[in-house]
Amino acid sequence: MRSPVIDTQPDPIVPRPARPPLRRVRGGRLLTGVARGLAEHLGIRPILVRLGFMLLATPLFEGLGMLLYVALWAVLPSEVGTKPWQDRRQWPVFALLGLGIVFITVVTGWAGSGMLFGWLAAIVALGAGVIWHQIKPDADWLSTIMGTSGRRSAALRLGGGGALVAIGVIGILAALVGLTRESIDNVLNSLLFTVIALGGIALVFGPLIYRMYLQLNSEREGRAREAERADIAAMVHDQVLHTLALIQRRAEDPREVARLARGQERALRNWLYKPSAHAADKFGAALEAAAGEVEDTFGITVDTVVVGDRDMDPHVSALVAAAREAMVNAAKHSGVNNISLYAEAEPDLLSVFVRDRGTGFDIDDIAADRHGVRGSILDRMHRHGGSAEVRSTVGEGTEVRLTMPVDSTETMSDERNGQ
Amino acid sequence: MNEVPEQRLRVFLVDDHAMFRAGVRAELGDAVEVIGEAGTVAEAVAMIRTALPDVVLLDVHMPDGGGRAVLEQVRATHPDIRFLALSVSDAAEDVIGLIRGGARGYVTKTIAAGELVDAIRRVAEGDAVFSPRLAGFVLDAFATKNQAPVSDPELDQLTNREREVLRLLARGYAYKEIAKELYISIKTVETHVSNVLRKLQMSNRYELSRWAVDRRIV
């Protein structure tokens with residue numbers, strides 16, 4: 001439905017769906033997914049490809065279809081990622097067709113020697129495929145064979161595939177030479193020599209391969225250790241060395257040195273004991289983050305103890321903001337460089353206590369325009385349904401107590417994790 | 001601080017950092033008598049058994065098993081020697097592990113000298129010493145939110161009073177301040193804390209061990 005105006009433009013390049021690469025599909029396959037994969041690659045209907053294989057498998061084409069199919073199966077990589085499922089609707093039809101072809105071939109003896117070769121070659125391809133498919137593209141073949149996991153199935157596949165290949169090859173030889181007694185002896189002899197030769201090769205190269213495998217393993221472990229070490233080195237370099245350099249440059253300023261050391265300590269602890277939650281999600285993590293900010297800004301220490309935890313919501317973040325303001329006030333006015341922060345999350349109540357042993361003040365003396373305490377702490381708590389209490393004694397210190405009732409029906413985060 | 005020389009407490013330092021031992025020794029000064037120090041587990045066990053100190057200041061993290069190994073080996077033969085854990089690690093499993101191993105207290109290495117001397121004295125008298133963080137850990141571990149059946153209510157639950165005392169400890173209150181706040185004597189506060197320590201050491205409460213491992217917050 002293009003308007004003529006647009007028609008004057010050169011045709012926009014319609015992005016045709018990229019032609020899928022030739023592979024064995026897993027979703028909607030009938031047998032192994034070769035036919036459907038081929039059909040998707042060629043852009044035709046799968047049933048046409050399947051019928052084509054069937055037709056080629058008849059004695060008319062000397063059983064070429066069979067050989068083609070098995071060969072494709074052996075060499076095509078399997079599709080990854082799709083959920084495998086089999087399309088069983090066409091099963092009966094193709095099973096009947098296949099039986100019919102076999103019946104015609106065997107009963108009428110229509111098959112020529114070419115047909116026999118086709119079948120035998122197909123068996124060889126089948127055996128090879130069984131072995132090749134063992135080797136996953138993401139794993140190297142050595143550990144596929146030597147790996148402890150699935151070693152049994154690996155042996156089965158190797159043995160079965162090898163046997164199929166051997167049968168096919170011997171069959172072709174027999175068909176070429178003819179089944180006389182002498183020729184069978186010859187074949188058996190050469191087979192014997194082959195086995196002996198293979199045994200010799202295994203004897204020579206077996207230990208070598210085994211050693212390669214061990215070496216590979218130890219190399220892999222070494223790489224993992226190296227990565228770990230590089231990780232630590234990067235952290236030390238980015239943070240610790242940097243902080244140490246700063247400390248040396250600021251050595252004459254004890255407050256700054258303490259601030260740097262404290263910040264680095266916090267970073268290292270975070271690195272060692274991975275924080276259990278993000279500051280935006282959890283009450284405890286948010287409080288710890290706020291305490292960290294105050295420590296960094298004012299060069300003091302905040303001893304943080306959090307009991308229990310809870311998911312963040314607007315009320316909880318108001319509580320955290322009020323607690324932060326209380327810590328800032330203590331840092332600015334108390335005159336000491338150590339603050340205690342204690343928070344407890346009970347099912348129906350959150351409480352936060354910010355305490356310092358500083359100069360203290362007379363609460364009645366707080367000027368009405370002192371925005372910090374009024375607006376940031378008291379009003380904020382009231383707006384969100386909580387309460388705040390400031391207790392201070394001149395010379396002994398100050399404690400800000402914040403409480404906020406919360407909905408106890410909301411699952412406590414600890415319970416959710418714990419059960 | 002009464003500095004009667006013959007009553008000075010005999011203290012032993014165990015820490016694998018010689019610099020830290022020297023620092024503690026200097027900080028403690030004349031308040032206590034440091035009768036020896038050791039930097040390895042084997043050395044510590046052997047020396048403590050011969051020196052028989054009143055209190056051992058014990059580092060948590062050391063090669064060959066750490067403070068826990070020293071605790072277990074010494075307490076097997078000398079159960080009356082008292083241990084105060086002193087560590088930079090605030091990891092719950094370390095703290096709870098040492099307390100369950102028999103230490104009578106836990107303080108962090110950043111503690112002020114005066115408070116450390118107080119803590120040593122308290123431990124020597126058979127009381128318990130909880131840092132705010134340890135108090136928080138205990139509150140968390142004994143929280144009532146897990147309604148798992150308790151086998152022994154006497155050991156597996158804290159009384160309301162003990163909970164109150166722990167909360168104040170976690171808020172950074174000193175024993176004297178706690179006593180004032182709750183209108184009880186300092187001796188009563190000490191009794192409560194000692195009872196909590198006993199529960200912490202004796203309780204088989206499943207959450208205690210699980211919680212300590214689960215919680216990796218600093």
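This is a short walk through some aromatic pairs, a surface patch and a sheet in the two chains, A and B, of a predicted model.

Quick housekeeping. Residues count from 1 along each chain as its sequence is written, and chains are lettered from A, with ligands numbered from 1, in the order in which they are written. Because this is a prediction, local features need pLDDT of at least 70 and side-chain atom pairs count only at pLDDT 80 or more, while totals for chains, interfaces and linings use all residues; side-chain values use heavy atoms, without hydrogens or water.

Okay, aromatics. Rings of Phe, Tyr and Trp (its six-membered ring) pair if their centres lie within 6.5 Å; planes under 30 degrees apart are stacked, over 60 edge-to-face, the rest tilted. That gives us 3 aromatic pairs over all chains. One of them is A:Phe53 with A:Tyr69, edge-to-face, at 5.2 Å centre to centre and 85° between the planes. A:Phe53 is in helix 3 and A:Tyr69 in helix 4, so the pair ties together parts 16 residues apart in sequence. Helices here are DSSP runs of H or I, at least four residues, and strands are runs of E, at least two, numbered from the N terminus.

Are those two rings buried or exposed? Buried means under 20% relative accessible area, exposed over 50%, partly exposed in between, with a 1.4 Å probe and protein chains only. A:Phe53 comes out buried at 10%, and A:Tyr69 is buried at 18%.

Then there's A:Tyr210 with A:Tyr213, a tilted pair at 6.4 Å and 40°. They are 3 residues apart in helix 9, about one helical turn. A:Tyr210 is partly exposed at 43%, whereas A:Tyr213 is buried at 11%.

Over to chain B for charges on rings, meaning NZ of Lys or CZ of Arg within 6 Å of the ring centre and within 35 degrees of the ring normal. The charged end of B:Lys109 sits over B:Phe20, 4.0 Å from the ring centre. B:Arg122 does likewise over B:Tyr175, at 3.8 Å.

Last stop, the chain B sheet. Two strands pair if DSSP finds at least two bridges between them. What order do the 6 strands take? It's an open, parallel sheet, 2-1-3-4-5-6. Strand 2 (33-38) and strand 6 (129-130) are the edges, each pairing on one side only. Strand 1 (residues 10-14) joins strand 2 through 5 bridges, and B:Leu13 has B:Glu37 in strand 2 as its bridge partner.

Conventions. Patch = residues over 30% accessible without salt bridge, like charges linked within 9 Å, V, L, I, M, F, W, Y side chains within 5 Å. Areas by Shrake-Rupley, 256 points an atom, 1.4 Å probe, with all protein chains shown as cover. Salt bridge = Lys/Arg side-chain N within 4 Å of Asp/Glu carboxyl O.
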